[in-house]
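I opened this model to go through it in order, from the chain as a whole down to single residues. My notes follow as I made them.

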Amino acid sequence: MKCLQLVKRRRVVLLAATLAGLGLGLGPLQRAHADGYPAKPVQLVVPFPPGGAVDIVGRTISKKLGDRLGQPIVVENKAGAGTVVGAAYVANAPADGYTLLISSGSTFTVNPALNAKLPYDPVKSYEPIGLVARVPLILLAHRDVPVNNLRQLIAAVQRTPDKFSYGSFGNGTTGHFAAEPAWSATGIKLLHVPYRGSAPAMADLMGGQIPFTIDTVAAALPQLKAGKIKAIAVTGATRATQLPDVPTVAEGGFPGFSADSWLAVVAPRGLPAEAKAKLHKALADTLADAEVRSKLLAAGLEPSYANGDAVLAQIEDELPRMRAIAQRAQIRAD
């Protein structure tokens, strides 16, 4: 009897091993755990419409990132409410590594500076994976405006303080938040004209309806190359790679001034250690890829990888400064 039971047990063990080897007999969660992360495609949410700087970066890194993870990265645009729609979607997604967010600093520092009742917390809702790129911002002028540098702009505004205005790609956007401290630092004031996006602001700048705008280098490059507008200064700490002859605001006589935007990849808070480690390495390797870096530079962006801890430090450092700018310049959410 004992021999018969032993034989039966061995047959059961052998059958279970055979089924496991064929991928049968295990539930989907068990198989996913056995195979390791990731066991299926990963969703990368872009909280902006297609075609913008964040969308360009998301689609540029997605192929290489997917190659390194061994699963496709599916880019999905979930735009609305100044990135709040997409950011909230990811904040409420399962913390399993299969839903990621790529967004600008506006999600993590600008929105919270303007709205205390967001459906996400910039620190508590997310697990930062890494910084991807910096987004240089640039002060632009209509080609016929008799101003070619920052000093000339300051002098022109001082002569006729109520004459000049500037456009941005929206009220409470990173462009708006970069311009206001620039005017404060230089001691001048221009009337802010907010637009719903970069395209209409750029159209009015080229048409002469507004004399100045502040926009991303990525958006400005085609028009600058065509000679339809002119560059006055970039607002970041260093010159833009694609515009090496355009000085920074700091170089224009205001040392220490720096205001630009940045892009980071985050996941919902509570990411499993295995998924977090694999995502960190895959993103670092992707940003070290020469082809990826070349494409980002060509689009007017600055490849700039830093790990998740650096992203968290950036948010915690920048958020109180953004709140101070909003209060001083009386910037309010629409």
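**Entry 1: the chain as a whole.** I began with burial and found that buried residues make up 50% of the 334 residues in the chain. The model is a predicted one, so I turned to confidence next: pLDDT averages 90 over the chain, and 89% of the residues score at least 70. I set residues 1-34 apart in my notes, since pLDDT stays under 50 there, and for this stretch the model has four contacts beyond four places in sequence. Counting secondary structure, I noted 12 helices and 11 strands. I also looked up how far apart in sequence the contacting residues lie: of the contacts with a separation of 6 or more, 77% are between residues 24 or more positions apart.

**Entry 2: the nonpolar cores.** Which residues have the most contacts inside the largest nonpolar core? I found Val57, Ile61, Ile102, Val132, Val265 and Leu283 in that role, in a core of 32 residues. I then listed the elements that supply at least two residues each, and these are the strands β1 (42-46), β2 (73-77), β3 (99-104), β4 (126-135) and β10 (261-268), together with the helices α3 (53-69), α10 (273-287) and α11 (290-298). Helix α3 gives the most, with six residues. A general remark I wrote in the margin is that nonpolar side chains tend to be buried together in soluble globular proteins. For valine 57 I looked up the contacts, leaving aside neighbours within four places in sequence, and found Ile102, Val132, Leu263, Leu296 and Leu301. There is also a second, separate core, which has 27 residues and includes Trp183, Ile188, Phe254 and Phe257.

**Entry 3: helix α3.** Is α3 largely enclosed or largely open? I found that 12 of its 17 residues are buried, so the rest of the structure largely encloses this helix. Among the buried residues are Val57 and Ile61, but also Asp55, Thr60, Ser62 and Lys64. From first C-alpha to last, α3 reaches 24 Å, close to the 24 Å expected at 1.5 Å a residue. I nevertheless recorded a bend of about 35 degrees at serine 62. After the helix comes glycine 70, with a positive phi near 85 degrees.

**Entry 4: helix α7.** I checked the length of α7 (residues 174-186) in the same manner: its 13 residues should span 18 Å at 1.5 Å a residue, and the end C-alpha atoms are 19 Å apart, which agrees. Of these 13 residues, 11 are buried, so α7 too is largely enclosed by the rest of the structure. The buried ones include His176, Phe177, Glu180, Pro181 and Trp183, and Trp183 I had already entered as a member of the second core. Glycine 187 follows the helix, and its phi is positive, near 80 degrees.

**Entry 5: a strand pair.** I moved to strand β9 (residues 229-234), which is mostly covered, with five of its six residues buried. Strand β5 (residues 137-142) runs antiparallel to β9, and five bridges join the two. For alanine 141 I looked up the bridge partner in β9, and it is lysine 230.

**Entry 6: backbone points to remember.** I found a cis peptide bond between tyrosine 37 and proline 38, with omega about -10 degrees; proline 38 lies in the loop between α2 (28-35) and β1. Which residues other than glycine did I note with a positive phi? Threonine 83 has a phi of about 85 degrees and sits in the loop between β2 and α4 (84-91), while glutamine 330 has a phi of about 55 degrees and lies in the segment after α12 (308-329). As to their surroundings, threonine 83 is buried, with a relative accessible area of 2%, whereas glutamine 330 is exposed at 57%.

**Entry 7: valine 311.** I finished with valine 311, which is found in helix α12 and is buried, with a relative accessible area of 1%. Leaving aside neighbours within four places in sequence, valine 311 is in contact with Pro128, Gly130, Leu131, Trp262, Ala264 and Ala306. Valine 311 and alanine 264 are 47 residues apart along the chain, and their C-alpha atoms are separated by 7.2 Å.

Conventions. Residues are numbered from 1 along each chain as its sequence is written. Side-chain values use heavy atoms; hydrogens and water are left out. A nonpolar core is a set of buried Ala, Val, Leu, Ile, Met, Phe, Trp, Tyr and Cys residues joined through side-chain atoms within 4.5 Å. Buried means under 20% relative accessible area, exposed over 50%, partly exposed in between (1.4 Å probe, protein chains only). Helices (H or I, at least four residues) and strands (E, at least two) are DSSP runs, numbered from the N terminus. Contact means heavy atoms within 4.5 Å. The expected span of a helix is 1.5 Å times one less than its number of residues. The bend at a residue is the angle between axes fitted to the seven residues ending there and the seven starting there. Two strands pair if DSSP finds at least two bridges between them. pLDDT is the predictor's confidence in each residue, from 0 to 100.
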